[in-house]
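Reader: Let us go through the terms used for this model one by one. For each, I would like the value set against its definition.

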Amino acid sequence: MNTRYILTKFPVSCSIIAIIWVLCFMNVPETPLSDVRLMDKWTHTAMYLVLGLSILLEYLRTTEKASLKAVVLWDWLAPLLMGGLIEILQAYCTGGRRSGDWLDFLADGIGSTVALLIGILLVRCRARA
């Protein structure tokens, strides 16, 4: 797959990936939601759920015969690896502005896993149709 193919077939997913990278490296402003317990973890879960669902929907839209293997690879594993890389980069490359947090990575995994479960159901339903 080349870059042009990915950008034309998965524009929403590429935009969400760019937004996640920006959000994960910018300074976090104080808001009234900062006092909500585990708000950061809920945010990570939501970001990766939305990313996974967008990848899934764009994949199903552009593919006639969906592959469960492809869904696991691109809808779950790729976002999970990205989340792990972001946490490592936050820990070692932000000069202390951001810290890598394994609970953030766990929250990323939860969001990606929920998207994967939905993806498995959609691929199986589509195969029966």
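Reader: What volume does the second largest pocket have?
Author: The second largest pocket has about 350 Å³. Its lining has 16 residues, and those closest to its centre are Ile6, Phe10, Ile17, Ile55 and Trp74. The model is predicted: local features need pLDDT of at least 70, side-chain atom pairs count only at pLDDT 80 or more, and totals for chains, interfaces and linings use all residues. Residues are numbered from 1 along each chain as its sequence is written, and side-chain values use heavy atoms, leaving out hydrogens and water.

Reader: What makes a space a pocket, and what makes it a cavity?
Author: Both are sets of points on a 1 Å grid over the protein atoms alone; in a cavity a 1.4 Å probe fits but cannot get out, whereas a pocket is an open set with protein on both sides within 12 Å along at least five of seven lines. Lining residues have an atom within 4 Å of a point. Grid points are joined across faces, edges and corners, and the volume is the space filled by probe spheres set on the points.

Reader: How many cavities of 30 Å³ or more does the structure hold?
Author: There is one, and the largest cavity contains about 40 Å³ of space. Its lining consists of Ile55, Leu56, Tyr59, Ala70, Val71, Trp74 and Asp75.

Reader: Which helices supply at least two residues each to that lining?
Author: Helix H3 (39-62) and helix H4 (68-93) do, and H4 gives the most, with four residues. Helices (H or I, at least four residues) and strands (E, at least two) are DSSP runs numbered from the N terminus. By that rule the chain has five helices and zero strands.

Reader: How does the lining of the largest cavity divide by class?
Author: It has six nonpolar, no polar and one charged residues. Ala, Val, Leu, Ile, Met, Phe, Trp, Tyr, Cys and Pro count as nonpolar, Asp, Glu, Lys and Arg as charged, and the others, Gly among them, as polar. By the same classes, the lining of the second largest pocket divides into 13 nonpolar, three polar and no charged residues. Helix H1 (3-9), H2, H3 and H4 each supply at least two residues of the lining of that pocket.

Reader: What is the volume of the largest pocket?
Author: The largest pocket has about 550 Å³. It is lined by 20 residues, and Val28, Pro29, Asp40, Thr43 and Arg98 lie nearest its centre. H3 gives the most to this lining, with five residues.

Reader: Why is Thr63 called buried?
Author: Buried means under 20% relative accessible area, exposed over 50% and partly exposed in between (1.4 Å probe, protein chains only). Thr63 has 17%, so it counts as buried. Its place is in the loop between H3 and H4.

Reader: What makes the approach of the Thr63 side chain to Tyr59 a polar contact?
Author: A polar contact is a pair of N or O atoms within 3.5 Å; within protein, one must be able to donate a hydrogen and the other to accept it, and residues adjacent in sequence count only if both atoms are side-chain atoms. The Thr63 side chain reaches the backbone oxygen of Tyr59 at 2.8 Å.

Reader: How do you know that the span of H5 agrees with its number of residues?
Author: The expected span is 1.5 Å times one less than the number of residues. Helix H5 (residues 102-128) has 27 residues and should therefore span 39 Å, and its end C-alpha atoms are 39 Å apart, which agrees. At its N-terminal end, Asp101 acts as a cap, with a side-chain oxygen 2.9 Å from the backbone nitrogen of Leu103.

Reader: What makes Ala107 a buried residue?
Author: Ala107, which lies in helix H5, has 4% relative accessibility and so counts as buried. Contact means heavy atoms within 4.5 Å. Leaving aside neighbours within four places in sequence, Ala107 is in contact with Lys41, His44 and Thr45. Ala107 and His44 are 63 residues apart in sequence, yet 5.6 Å apart in space, C-alpha to C-alpha.

Reader: Why does Ile20 count as buried?
Author: Its relative accessible area is 2%, so Ile20 is buried. Ile20 lies in helix H2. Outside its neighbours within four places in sequence, Ile20 is in contact with Met47, Tyr48, Leu51, Met82 and Ile86.
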